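Reader: I'm new to reading protein models and I'd like a close look at one part of this one. Could you pick a spot and walk me through what sits around it?

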Amino acid sequence: MSTNNGPVESLRDRKRRQTRERIIETAFALFMERGFDVVTVDEIAQRAEIGRTTFFRYFGDKQEVVFSTEDDFLRALTAAMHDAPAEPLQDLAQALATSRRLLLAICTEAARNPGHYAVYHRLVEQHPELEDRHTRKTRHYADLLEKHLIDHGTPPATAVLAAQLTVACYQAAWRLGSHDATAVLREANDAFDLLLGATAA
């Protein structure tokens, strides 16, 4: 069933979404209270008032809870790619303009839940195993961006350069904006202003 605003969420889907959100909220609260390393899946399940089996229906381990917004970011990126102009992106300036829109789409999605992002940022900064996964996730986004540019006419060498420069803008924003998602969005935009000004000079 659907309406003009899109499909209507079924009762079953709503309950699943609410359970998933409760697990995430509970886990993040525990991580901040007691530390990621010492919190167990059993503790998360107990506080969320679910069974251990239910937890594993939603997440493979507690690391997956930390990266629970990954699908949201990918959806935001995919939507921005779909909405990108169709004209060929044949030079670096065009590739960077498109890359900027795509990166800002991800940052905007992160800013929709600033409290969650703040905890995520702190956890990644404090735990090497989470930082490693974050780095791999960033690389995956760069690969998707590179493919998108090539598919839209960007020469491979230019696409690789544009994707890596975009990663650099994101990394600068991550450091400068820290745990403030709105600041990260602003810093990413500012980084591109500096970059595009330098490439135009």
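**From a loop proline to the helices and the core**

Author: Let's start with Pro88, which counts as partly exposed because its relative accessibility is 45%. Keep in mind that this is a predicted model, so take everything here as a reading of that prediction. Pro88 lies in the loop between α5 (70-83) and α6. Leaving out residues up to four places away in sequence, Pro88 touches Gln94 and His152. If you want a feel for distance, try Glu125: Pro88 and Glu125 are 37 residues apart in sequence, and their C-alpha atoms are 38 Å apart in space.

Now follow the chain onward to the helices. Helix α7 covers residues 114-126 and helix α8 covers residues 128-151; they pack with their axes 5 Å apart, at an angle of about 110°. An angle of 65 to 115 degrees counts as roughly perpendicular, and α7 and α8 are therefore roughly perpendicular to each other. Who does the touching? On the α7 side you'll find Tyr120, Leu123, Val124 and Gln126, and they meet Pro128, Leu130, Glu131, His134 and Lys137 in α8. That contact is a mix: five of its residues are nonpolar, two are polar and two are charged.

Some of those names come back when you look at Val66. Not counting residues up to four places away in sequence, Val66 touches Tyr120, Leu123 and Leu130, along with Phe28, Phe31, Phe36 and His116. Val66 also belongs to the largest nonpolar core, a group of 54 residues in which Phe31, Ile44, Phe55 and Val66 touch the most other members. Helix α6 (residues 92-111) gives this core its largest share, with eight residues. As a rule of thumb, nonpolar side chains in soluble globular proteins tend to be buried together.

One last stop: the cysteines. The structure has zero disulfides. Why doesn't Cys107 form one? The closest cysteine sulfur to that of Cys107 is in Cys169, and at 10 Å it is too far for a bond; the sulfurs would have to be within 2.5 Å. Seen from the other end, Cys169 is in no disulfide either, as the nearest cysteine sulfur, that of Cys107, is 10 Å away. Are these two buried or exposed? Cys107 counts as buried because its relative accessibility is 4%, and Cys169 counts as buried too, at 5%. Compare that with Pro88, where we began, which is partly exposed at 45%.

Definitions and conventions. Residues numbered from 1 in each chain as written. Predicted model: local features only at pLDDT ≥ 70, side-chain atom pairs only at ≥ 80, totals over all residues. Heavy atoms only, no water. Axes fitted to C-alpha atoms, helices over the stretch in contact; angles between N-to-C directions. Helix = DSSP H or I, 4+ residues; strand = E, 2+ residues; numbered from the N terminus. Parallel < 35°, antiparallel > 145°, perpendicular 65-115°, else oblique. Contact = heavy atoms within 4.5 Å. Nonpolar A, V, L, I, M, F, W, Y, C, P; charged D, E, K, R; others polar. Buried < 20%, exposed > 50% of the residue type's maximum accessible area, 1.4 Å probe, protein only. Core = buried A, V, L, I, M, F, W, Y, C linked by side-chain atoms within 4.5 Å.
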